[in-house]
Amino acid sequence: MNLRRALLALGIAGLMVFALSGCFVITADSPSQQGLIGDVVVHTEACVTGATCSQTGNSNSIFGQGPSSPNGQLLLAYRVPDGYGAPTQVNSTSGTPALVMDASPSYTQQLTALAAPPAGEHWVGYISQALTPAPNDQQYVFDTHFTRPPAQNGVPSNVPFQYLTVVGGRDVDATLLATRDVTCGPDFSALIQSATEETTPLFGGTICADSPHVDNTATTLPADSVLFTR
């Protein structure tokens with residue numbers, strides 16, 4: 001009996017080491033304005049954790065690299081002011097394989113429901129193509145353009161660009177299809193920690209807000225960063 005327990009404990013420890021070996025985390029994030037009075041560009045650098053990435057994400061979990069589900073999709077979202085236009089697709093400018101992030105109404109809806117934006121702001125969510133296998137130890141860069149609100153009486157809008165960037169990911173396999181809606185879980189705690197579509201909470205499934213970092217007792221995502229537009 002003791003031997004069986006020891007072997008079981010060893011197996012669980014092995015799974016935990018594997019599960020803690022990677023997440024999708026933001027390593028740099030900054031906005032800028034094009035030209036003198038142009039649109040806003042958010043420059044985001046994020047990595048699938050490995051040897052070159054020091055963070056482990058809110059979930060301390062890995063997706064898309066388990067032995068039963070080596071495939072996955074990455075998630076990207078922005079909380080932005082009302083009136084700013086968002087693209088329908090975001091492409092990575094660095095990283096292999098290149099990511100094509102399409103607008104995801106279900107991811108947007110889940111973030112809105114579980115992490116309600118401040119008044120005057122809204123979420124826009126994106127999901128990548130299925131990655132076979134999911135990348136490991138990759139650095140990705142996104143330069144996402146947001147169009148400014150229309151000018152009023154010929155004067156460019158001066159609405160500040162208050163925003164937050166969020167990334168996450170999920171498993172893909174024969175039953176967890178890449179075409180399924182994004183489901184983040186029943187509450188905010190699940191949004192930042194849980195994998196909602198498999199029975200083991202820290203192995204596989206969906207992690208909707210793996211970064212930026214918050215404590216596991218948090219009830220809200222971080223406050224906005226602000227760019228005062230010209």
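**Exercise 1. Which residues does F142 touch, not counting residues up to four places away in sequence?**

*Solution.* Begin with the source of the coordinates: this is a predicted model, and the contacts below are to be read from it as such. Leaving out residues up to four places away in sequence, the contacts of F142 include F24, V42, H43, T44, L76 and Y78. The list continues with V90, N91, S92, T93, L99 and M101.

Next, place F142 in its wider setting. The largest nonpolar core has 24 residues, and F142 belongs, together with F24, Y78, F146 and F161, to those that touch the most other members. The elements that contribute two or more residues to this core are β1 (24-33), β2 (40-48), β3, β6, β7 and β8. Finally, another core lies apart from this one, with 19 residues, among them W123, I127, I192 and L221.

**Exercise 2. Determine how many salt bridges the structure holds, and work out which parts of the chain they tie together.**

*Solution.* The count comes to two salt bridges, and the principle behind them is a simple one. Side chains of opposite charge can pair when their charged atoms come close.

Take the pair of R79 and E121, in which the closest N and O atoms are 3.6 Å apart. Because R79 lies in strand β3 (residues 71-81) and E121 in strand β6 (residues 121-127), this pair ties together parts that are 42 residues apart in sequence. Both of these residues, R79 and E121, are buried; for R79 the relative accessible area is 5%, and since buried means under 20%, R79 meets that cut-off.

Then take R79 with D224, a salt bridge whose closest N and O atoms are 2.8 Å apart. This pair links distant parts of the chain, 145 residues apart, with R79 in strand β3 and D224 in the loop between β9 and β10 (225-227). Putting the steps together, R79, E121 and D224 are linked in a network of salt bridges.

**Exercise 3. Establish where R170 lies, whether R170 is buried or exposed, and which backbone oxygens its side chain reaches.**

*Solution.* First, locate the residue: R170 is part of strand β8, which covers residues 161-172. Second, consider accessibility: R170 has a relative accessible area of 0% and is therefore buried. Third, look for partners of the side chain: the backbone oxygen of R180 is reached at 3.0 Å, while the backbone oxygen of D181 lies 3.1 Å from a polar atom of the R170 side chain.

A residue in another strand can be treated in a similar way. I207 lies in strand β9 (residues 206-211), and its relative accessibility of 0% is why I207 counts as buried. Although I207 and G168 are separated by 39 residues in sequence, their C-alpha atoms are 5.4 Å apart in space.

**Exercise 4. Identify the strands that pair with β4, and the sense in which they do so.**

*Solution.* Consider β5 to begin with: strand β4 (residues 89-94) pairs with strand β5 (residues 100-103) in the antiparallel sense, over three bridges. Within this pairing, N91 stands opposite V100 of β5. The hairpin of β4 and β5 has five residues between the strands, and G95 there takes a positive phi near 110°.

Now turn to β7: β4 also pairs with strand β7 (residues 138-146), again in the antiparallel sense, over two bridges. Here the bridge partner of S94 is V141, which lies in β7.

Technical notes:
Residues are numbered from 1 along each chain as its sequence is written. This is a predicted model: local features need pLDDT of at least 70, side-chain atom pairs count only at pLDDT 80 or more; totals for chains, interfaces and linings use all residues. Side-chain values use heavy atoms; hydrogens and water are left out. Helices (H or I, at least four residues) and strands (E, at least two) are DSSP runs, numbered from the N terminus. Buried means under 20% relative accessible area, exposed over 50%, partly exposed in between (1.4 Å probe, protein chains only). A polar contact is a pair of N or O atoms within 3.5 Å; within protein, one must be able to donate a hydrogen and the other to accept it, and residues adjacent in sequence count only if both atoms are side-chain atoms. A salt bridge is a side-chain nitrogen of Lys or Arg within 4 Å of a carboxyl oxygen of Asp or Glu. Two strands pair if DSSP finds at least two bridges between them. A nonpolar core is a set of buried Ala, Val, Leu, Ile, Met, Phe, Trp, Tyr and Cys residues joined through side-chain atoms within 4.5 Å. Contact means heavy atoms within 4.5 Å.
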